[in-house]
Amino acid sequence: MHKAFLLLICLPLLNACVLNRNFSEEHIAYLDSYKPIDKFDETSSKNSSSLKITYFGVSTLLFDDGENQILVDGFFTRPSLEKLFTFGVELDEYHREQIEAVIDEYNMADLLAVIAVHSHHDHAMDAPLIADITGADLVGSDSTCKLALGLQTVQRKCYEIFNKRILRKIPLQYGNFTIKLIQTAHTKLPSIVASALGVNKPISGDFHYPARLWDYAEGESYSIHITHPSGSIVVHANSALGPRELEKIEADWLFMSVARLASLPNSQEIFDSVAKVTSAKNIVPIHWDDFSRQTHKNLSPQKLFLGDSIEEIELLMQLNTQLDVPADTYILDFGDHVWMTNKNK
Ligand SMILES: [Zn+2]
């Protein structure tokens with residue numbers, strides 16, 4: 001406990017003085033130049049086959065067709081690294097209240113499912129509580145189901161969906177949303193980091209709370225394909241080669257991870273295996289922000305040594321311009337949204 005206290009004092013200092021970065025004015029202007037201003041105004045909602053897609057940092061995305069809602073990841077509480085390294089997190093009242101506030105603010109009363117792309121904390125940590133609060137299904141690997149420890153109904157349904165549908169590759173149907181989880185690789189990390197974060201490993205049988213950063217092993221990772229009367233969407237939240245199944249899919253909207261993209265030698269292949277094969281019409285980079293900082297509006301750049309958000313986004317934009325038909329590209333900040341509309345309806 002003595003060491004934990006020491007870490008609790010040292011890490012905020014290290015964060016504030018060395019690791020945390022802010023976007024320069026020039027960077028903010030660059031990000032703003034890709035904001036979907038005016039193009040997606042509220043009149044889109046009058047079209048019955050329109051889908052509103054809202055971004056909340058990392059790979060948290062809310063899909064709302066006016067009747068039903070689907071949430072990817074739902075990582076809202078964004079605990080600090082000092083908390084994750086020392087005392088860990090609980091499924092407690094504090095986190096419940098934080099999550100309830102976002103659910104209320106963004107009107108997620110019609111949530112049917114919260115789907116975790118894998119069980120690392122920056123994706124799956126809040127998903128069990130979201131499912132518990134809203135009554136939505138928790139969807140993910142069996143490691144993700146383990147995180148719902150103590151939430152019996154949520155956990156039972158989660159295992160049922162995993163065993164009966166995900167393992168058998170049967171699509172999930174929620175209202176007008178058809179959802180396929182396609183197994184994919186995790187972003188390549190330096191081996192020491194990958195081992196500490198349990199990349200390629202399931203969460204061990206004795207998972208318990210309070211949980212620390214290293215307790216959230218990856219489990220299985222999924223790319224998510226969502227089809228809806230308004231179009232086809234791919235969420236690829238790992239900067240890794242796309243699974244072969246993407247070759248059979250066309251994406252009206254692609255939400256693609258750029259985490260570490262500029263540090264990976266095969267960034268071109270990764271881009272081609274996700275954006276090119278799906279002939280993506282619109283691309284939104286995701287997973288470029290510092291997930292250990294609280295935010296209500298503006299996302300922060302990644303910490304020093306963890307990557308350069310602008311460089312990673314710029315690389316994606318540059319790879320896109322090399323396509324025969326480049327996609328339209330947008331950058332969303334916390335709470336920003338776009339509309340997907342089926343023009344044939
Ligand atoms: Zn991860």
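This report walks through the fold of a predicted protein model, from the overall make-up to single residues.

**The ground rules**

This is a predicted model, so to read it fairly: local features need pLDDT of at least 70, side-chain atom pairs count only at pLDDT 80 or more, and totals for chains, interfaces and linings use all residues. Residues are numbered from 1 along each chain as its sequence is written.

**The big picture**

The protein chain holds eleven helices and 13 strands. Both are DSSP runs, numbered from the N terminus: helices are H or I with at least four residues, strands are E with at least two. Of the chain's 345 residues, 43% count as buried. Buried here is a matter of counting C-beta atoms, placed from the backbone: 20 or more others within 10 Å of a residue's own makes it buried, 12 or fewer makes it exposed, and anything in between is partly exposed. Among contacts between residues at least 6 apart in sequence, 69% join residues at least 24 apart. A contact means that the two C-beta atoms, placed from the backbone, lie within 7 Å.

**The six-stranded sheet**

One open sheet has six strands in the order E5-E4-E3-E2-E1-E13, with mixed pairing. Strands pair if DSSP finds at least two bridges between them. At the edges sit strand E5 (137-139) and strand E13 (337-341), each pairing on one side only. On average, neighbouring strands in this sheet are turned by 20° against each other, direction ignored. Axes are lines fitted to C-alpha atoms (for helices, over the stretch in contact), and angles between N-to-C directions run from 0 to 180 degrees.

Inside the sheet, strand E3 (residues 69-72) runs parallel to strand E4 (residues 111-115), and four bridges join them. Leu71 has Val114 in E4 as its bridge partner. Over at the E13 edge, strand E1 (residues 50-55) pairs with E13 in the antiparallel sense over five bridges, and Ile53 stands opposite Val338. Val338 belongs to the covered face of E13 together with Met340, while His337, Trp339 and Thr341 make up the uncovered one.

**The seven-stranded sheet**

The other open sheet listed here has seven strands in the order E6-E7-E8-E9-E10-E11-E12, again with mixed pairing. Its edge strands are E6 and strand E12 (328-329), each of which pairs on one side only. E8 and strand E9 (residues 231-236) are antiparallel and share five bridges, with Ile226 opposite Ile233 in E9. Helix H11 (residues 309-321) packs on this sheet, where it touches strand E10 (253-257), strand E11 (282-286) and E12. The direction of H11 makes about 160° with that of E11.

Asn282 is worth a look, as a residue of strand E11. Asn282 counts as partly exposed because it has 19 C-beta neighbours inside 10 Å. Leaving out residues up to four places away in sequence, Asn282 touches Asp252, Trp253, Ala327, Asp328 and Tyr330. Asn282 and Ile233 are 49 residues apart in sequence, and their C-alpha atoms are 9.6 Å apart in space.

**Two helices**

Helix H4 (residues 93-105) has 13 residues and reaches 18 Å from first C-alpha to last, close to the 18 Å expected at 1.5 Å a residue. That expected span is 1.5 Å times one less than the number of residues.

Helix H6 (residues 127-134) is largely enclosed by the rest of the structure, because seven of its eight residues are buried. Those buried residues are Ala127, Pro128, Leu129, Ile130, Ala131, Asp132 and Thr134.

**Backbone oddities**

Most residues other than glycine have a negative phi, and most peptide bonds are trans. Here are some positive phi values, with where to find them:

| Residue | Phi | Place |
|---|---|---|
| Asp73 | about 65° | loop between E3 and helix H3 (81-85) |
| Lys169 | about 55° | loop between helix H8 (152-166) and strand E6 (172-174) |
| Asn107 | about 45° | just after H4 |
| Gly135 | near 85° | following H6 |

How do the surroundings of Asp73 look, buried or exposed? Asp73 is buried, because 30 other C-beta atoms lie within 10 Å. Lys169 counts as exposed, because it has 11 C-beta neighbours inside 10 Å.

There is also a cis peptide bond, from Tyr209 to Pro210, with omega near 0°. Pro210 lies in the loop between helix H9 (191-196) and strand E8 (221-228).
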